[in-house]
Amino acid sequence: MKVPFEKLDKAFENRLRLQVMSVLMVNDRYDFNSLKELLDTTDGNLASHLKALEKEEYIVVHKSFIGRKPNTNYEATEKGKTAFKHHLDALEQLIKQQKTN
Amino acid sequence: MKEKEIRDELASIRSLMERSSKFISLSGLSGILAGIYALIGAAAAYVVIQNNPMSGRIPLFELISNFVNVILILFAIAFIVLIASILTALVLSSRIAKKKGQPIWGKTSKVLLFNTSIPLVTGGIFIIILLYQGYDAFIIPAMLLFYGLSLVSASNFTFSDVKYLGLFEILLGLAAACVPGLGLLFWALGFGVLHIIYGSIMYFKYDK
């Protein structure tokens, strides 16, 4: 049987993107700094991967101010959530297949 | 991708989902210690009540001045137990948080605190009202009930085991309301014994 590698979402090939998406699956919104702290990454790295997810329309950005400080929140879209679930299903299938092989 | 890689990936996703939405650095040991502080506090309160020569013998109105002092001492004891428990929980939990890479004052702990404080502050105000209105018999049941409710509400944002502690506190609170006069005993059970049992379970389940 053919391994369904093509079912794996290209957008989630990067680990950090997959991690961001996992966080946004269980939290309505998450802000940039909390994400940075949680994932232990740099501003630039996180920002570029968030941009990529935004371009895929997997997440939306909410910009606001707390006092004078900009506060950027991210939220997963329905499209993003579905893509994430499909990706997990594909991973699961991969495991199952490798067991039977 | 190898099977192990995929498994690691899935495990990291699961851990991240948990760490991002729940404060999982609560220390079980601090629960045990809080229970011990509460038992010491209850013992101290018992001594204070017993040594109050007029307690329970003269109608309340005739010993208002004396009564106020005893109440003040009891509240001071409760306050010391509370502060000691909070400090212990802060110190021990921040140690665990550091180990788990979860900030002690981050998104999850703020959400947890906010959701706990709604029933807790309501209960606190309600107890002050009870005290002023003279319904002293219901002060301890109210403490247990509102504390239990706040734990149930907290359980969505930390270990779900907290829910069971909350439910037991609520049951004890209701029982205490049915049996006036045994308040201190119920208080010692709810804040002492239950915390020690719960803390031990949590300690062996998660602290290690």
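In this predicted model, B:Ala38 touches B:Val81, B:Ala188, B:Phe191, B:Gly192 and B:His195, when residues up to four places away in sequence are not counted. B:Ala38 also belongs to the largest nonpolar core, which has 32 residues. Together with B:Met143, B:Leu144, B:Phe186 and B:Trp187, B:Ala38 is among the members that touch the most others in that core. At least two residues of this core come from each of helix 2 (28-51), helix 5 (139-154), helix 6 (162-178) and helix 7 (183-207) of chain B. The most, 10 residues, is given by helix 5 of chain B. A second core, separate from this one, has 20 residues, and A:Val20, A:Leu53, A:Tyr58 and B:Leu16 are included in it. In soluble globular proteins, nonpolar side chains tend to be buried together.

**The two chains**

Chain B has 7 helices and 0 strands, and its pattern along the sequence is α-α-α-α-α-α-α. Chain A has 4 helices and 3 strands, in the order α-β-α-α-β-β-α from the N terminus on. The table sets out the overall figures for each chain.

| Chain | Residues | Buried share | Approximate C-alpha box along the principal axes |
|---|---|---|---|
| Chain A | 101 residues | 28% | 60 × 25 × 20 Å |
| Chain B | 208 residues | 33% | 80 × 25 × 25 Å |

Contacts within each chain can also be sorted by sequence separation. In chain B, residues 24 or more positions apart account for 72% of the contacts with a separation of 6 or more. In chain A, 58% of the contacts between residues at least 6 apart in sequence join residues at least 24 apart.

**The sheet of chain A**

The strands of chain A form an open sheet of 3 strands in the order 1-3-2, with antiparallel pairing. Strand 1 (30-31) and strand 2 (59-66) of chain A are the edge strands, each pairing on one side only. Strand 1 of chain A pairs with strand 3 (residues 69-76) of chain A in the antiparallel sense, over 2 bridges. Opposite A:Asp31 stands A:Asn73, in strand 3 of chain A.

**The interface**

Between the chains, 16 residues of chain A are in contact with 16 residues of chain B. On the side of chain A that touches chain B, two or more residues come from each of helix 1 (15-26), helix 2 (32-39) and helix 4 (78-100) of chain A. Helix 1 of chain A provides the largest share of that side, 6 residues. By type, the residues on this side of chain A are 9 nonpolar, 5 polar and 2 charged.

**A:Leu38**

A:Leu38 lies in helix 2 of chain A. Apart from its neighbours within four places in sequence, A:Leu38 is in contact with A:Val23, B:Arg19 and B:Ser20, a list that includes residues of both chains. A:Leu38 counts as buried because 21 other C-beta atoms lie within 10 Å, and the cut-off for a buried residue is 20 or more. A:Tyr58 is 20 residues away from A:Leu38 along the chain, and the C-alpha atoms of the two are separated by 20 Å. A:Tyr58 is one of the residues included in the second core.

How values were computed
Residues numbered from 1 in each chain as written. Chains lettered and ligands numbered in written order. Predicted model: local features only at pLDDT ≥ 70, side-chain atom pairs only at ≥ 80, totals over all residues. Contact = placed C-beta atoms within 7 Å. Nonpolar A, V, L, I, M, F, W, Y, C, P; charged D, E, K, R; others polar. Pairing = 2+ DSSP bridges. Buried ≥ 20, exposed ≤ 12 C-beta atoms within 10 Å, placed from the backbone. Core = buried A, V, L, I, M, F, W, Y, C linked by C-beta atoms within 7 Å.
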